[in-house]
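Okay, thanks for making room for me on the agenda. I'll put the structure up and then walk through it strand by strand.

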Amino acid sequence: RQWENRAAVIPGEVVVMGHQQLQPGEVFAGYRIERLLGVGGMGAVYLARHPNLPKLVALKLLSRAMTDD
């Protein structure tokens, strides 16, 4: 698992690419986070449950570096 090398474990919290990792059960933009799928150069990808439909989706959160102009 290549993404595991980019995750740093700190007592009491998990940090991915310099940002706190979303935890299973958390809601982000209406989607319930199931688990972290991976981390890459652009950000992190989570398996998330769609808020209204009975399906799972891949939710990509871009790192701050990707949103700077």
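So, Phe28 has Tyr31 as its bridge partner over in β5. This is a predicted model, by the way, so keep that in the back of your mind as I go. That Phe28 pairing belongs to the contact between β4, residues 27-28, and β5, where 2 bridges join the strands and they run antiparallel. The hairpin they make has 2 residues between the strands, and one of them to look at is Ala29, which takes a positive phi near 55°.

Next one along. β5 and β6 also form a hairpin, this time with 3 residues between them. Here 6 bridges join the strands, and again they run antiparallel. If you want a pair to click on, Leu36 stands opposite Tyr46 in β6. Then β6 goes on to pair with β7, antiparallel, over 7 bridges. A pair to click on there is Ala48, whose bridge partner in β7 is Val57.

Put that together and you get an open sheet of 4 strands, in the order β4-β5-β6-β7, with antiparallel pairing. The edges are β4 and β7, each of which pairs on one side only.

Okay, so which residues make up the largest nonpolar core? There are 9 of them: Leu22, Ile33, Leu36, Val39, Ala44, Tyr46, Ala48, Leu59 and Leu61. You'll recognise Leu36 and Tyr46 from the pair I just mentioned. The elements giving two or more residues to this core are β5 (31-39), β6 (43-49) and β7 (56-62). Leu61 is a nice one to sit on for a second. Skipping its neighbours within four places in sequence, Leu61 is in contact with Leu22, Phe28, Met42, Gly43, Ala44 and Tyr46. So Phe28, from the start of my talk, shows up again in that list.

Now, something polar. Arg49 is in strand β6. Is Arg49 buried or exposed? Somewhere in between: its relative accessibility is 38%, so it counts as partly exposed. The side chain of Arg49 makes a polar contact with the side chain of Glu34, at 3.3 Å. Arg49 also has another arginine across from it in space: the C-alpha atoms of Arg49 and Arg32 are separated by 5.1 Å, although they're 17 residues apart along the chain. Leaving out residues up to four places away in sequence, what Arg49 touches is Tyr31, Arg32, Glu34, Lys55 and Leu56.

Let me zoom out. The chain has 1 helix and 7 strands, and reading along the sequence you go β-β-β-β-β-β-β-α. Of the 69 residues, 26% are buried. The accessible surface comes to about 5000 Å², with 51% of that belonging to carbon and sulfur atoms. On contact order, if you take contacts with a separation of 6 or more, residues 24 or more positions apart account for 22% of them.

Last thing, and I know you'll ask: confidence. The chain averages a pLDDT of 75, with 65% of the residues scoring at least 70. Where is confidence lowest, and where is it highest? The low end is strand β1, residues 7-10, at a mean of 38, and the high end is β5, at 93. Over residues 1-15 the pLDDT stays under 50, and for that stretch the model has 20 contacts beyond four places in sequence. Okay, that's me done, happy to go back to any of the views.

Notes:
Residues numbered from 1 in each chain as written. Predicted model: local features only at pLDDT ≥ 70, side-chain atom pairs only at ≥ 80, totals over all residues. Heavy atoms only, no water. Core = buried A, V, L, I, M, F, W, Y, C linked by side-chain atoms within 4.5 Å. Buried < 20%, exposed > 50% of the residue type's maximum accessible area, 1.4 Å probe, protein only. Contact = heavy atoms within 4.5 Å. Polar contact = N/O pair within 3.5 Å; in protein donor to acceptor, adjacent residues only side chain to side chain. Pairing = 2+ DSSP bridges. pLDDT = per-residue confidence, 0-100. Areas by Shrake-Rupley, 256 points an atom, 1.4 Å probe, with all protein chains shown as cover.
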